[in-house]
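Below are my notes on the model, set out as numbered points. Please read them with the structure open.

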Amino acid sequence: MPNKKTDENTMNAQDILIGLRRYLSESEDDPREVATKIGVSWITLSAWLAGEEEPHKRILARVAGFLKRFGYL
């Protein structure tokens, strides 16, 4: 049986951030709106995208859930 990364507990921050970057580049959503939807400030989201910070584990689960709804994880 293949080892699939199916939940946020087995995914690392990089996997989730890759999905988030892909979502932002492919969707028509404004990054500021996405930040609000996942419950972080635009400043925090931009720091993640720039590689300056990594999301905390509890926030990673929220971001993973958001991305899963749209098929990006």
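1. The cover over the buried residues of helix 3 includes helix 1, helix 2 and helix 4. The residues in question are Leu-45, Ala-47 and Trp-48, in a helix that spans residues 42-49. Around the axis they take up an arc of only 160 degrees, so they sit on the same side of helix 3. After helix 3 comes Gly-51, with a positive phi near 75 degrees.

2. For context, this is a predicted model. The protein has four helices and zero strands, and its elements read α-α-α-α from the N terminus. Of its 73 residues, 32% are buried. Taking contacts between residues at least 6 apart in sequence, 61% join residues that are at least 24 apart. The accessible surface amounts to about 4,900 Å², and carbon and sulfur atoms account for 49% of that.

3. Asp-29 deserves a separate look. This residue lies in the loop between helix 1 (13-26) and helix 2 (31-38). With neighbours within four places in sequence set aside, Asp-29 contacts Tyr-23, Val-34 and Lys-37. Its side chain makes a polar contact of 2.3 Å with the side chain of Tyr-23. A second polar contact, of 3.3 Å, runs between the side chains of Asp-29 and Lys-37.

4. Is Asp-29 buried or exposed? Neither term applies: its relative accessibility is 22%, so Asp-29 counts as partly exposed. The cut-off matters here, because buried means under 20% relative accessible area.

5. How many salt bridges does a search of the whole structure find? The search returns two. One of them is between Asp-29 and Lys-37, where the closest N and O atoms are 3.3 Å apart. Lys-37 is partly exposed, at a relative accessible area of 47%. Side chains of opposite charge can pair when their charged atoms come close.

6. Arg-22 forms a salt bridge with Glu-26, with 3.6 Å between the closest N and O atoms. Both residues, Arg-22 and Glu-26, belong to helix 1 and are four residues apart, about one turn of the helix. Arg-22 has a relative accessible area of 38% and is therefore partly exposed. For a salt bridge the nitrogen has to lie within 4 Å of the carboxyl oxygen, and the Arg-22 to Glu-26 separation is 3.6 Å.

7. Turning to the aromatic rings, the structure contains four aromatic pairs. Tyr-23 and Tyr-72 make an edge-to-face pair, with 5.2 Å from centre to centre and 90 degrees between the planes. This pair connects distant parts of the chain, 49 residues apart: Tyr-23 is in helix 1, and Tyr-72 is in the segment after helix 4 (57-69). Tyr-23 and Tyr-72 are both buried.

8. Which residues do ring pairs link into a cluster? The members are Tyr-23, Phe-66, Phe-70 and Tyr-72. Tyr-23 thus appears twice in these notes: its ring belongs to this cluster, and its side chain makes the 2.3 Å polar contact with Asp-29. When checking the loop between helix 1 and helix 2, where Asp-29 is found, I suggest viewing Tyr-23 and Lys-37 together with Asp-29, as both are among its contacts.

Methods
Residues numbered from 1 in each chain as written. Predicted model: local features only at pLDDT ≥ 70, side-chain atom pairs only at ≥ 80, totals over all residues. Heavy atoms only, no water. Helix = DSSP H or I, 4+ residues; strand = E, 2+ residues; numbered from the N terminus. Buried < 20%, exposed > 50% of the residue type's maximum accessible area, 1.4 Å probe, protein only. Contact = heavy atoms within 4.5 Å. Polar contact = N/O pair within 3.5 Å; in protein donor to acceptor, adjacent residues only side chain to side chain. Salt bridge = Lys/Arg side-chain N within 4 Å of Asp/Glu carboxyl O. Phe/Tyr/Trp six-rings, centres within 6.5 Å; stacked < 30°, edge-to-face > 60°. Arc of directions from axis to C-beta. Areas by Shrake-Rupley, 256 points an atom, 1.4 Å probe, with all protein chains shown as cover.
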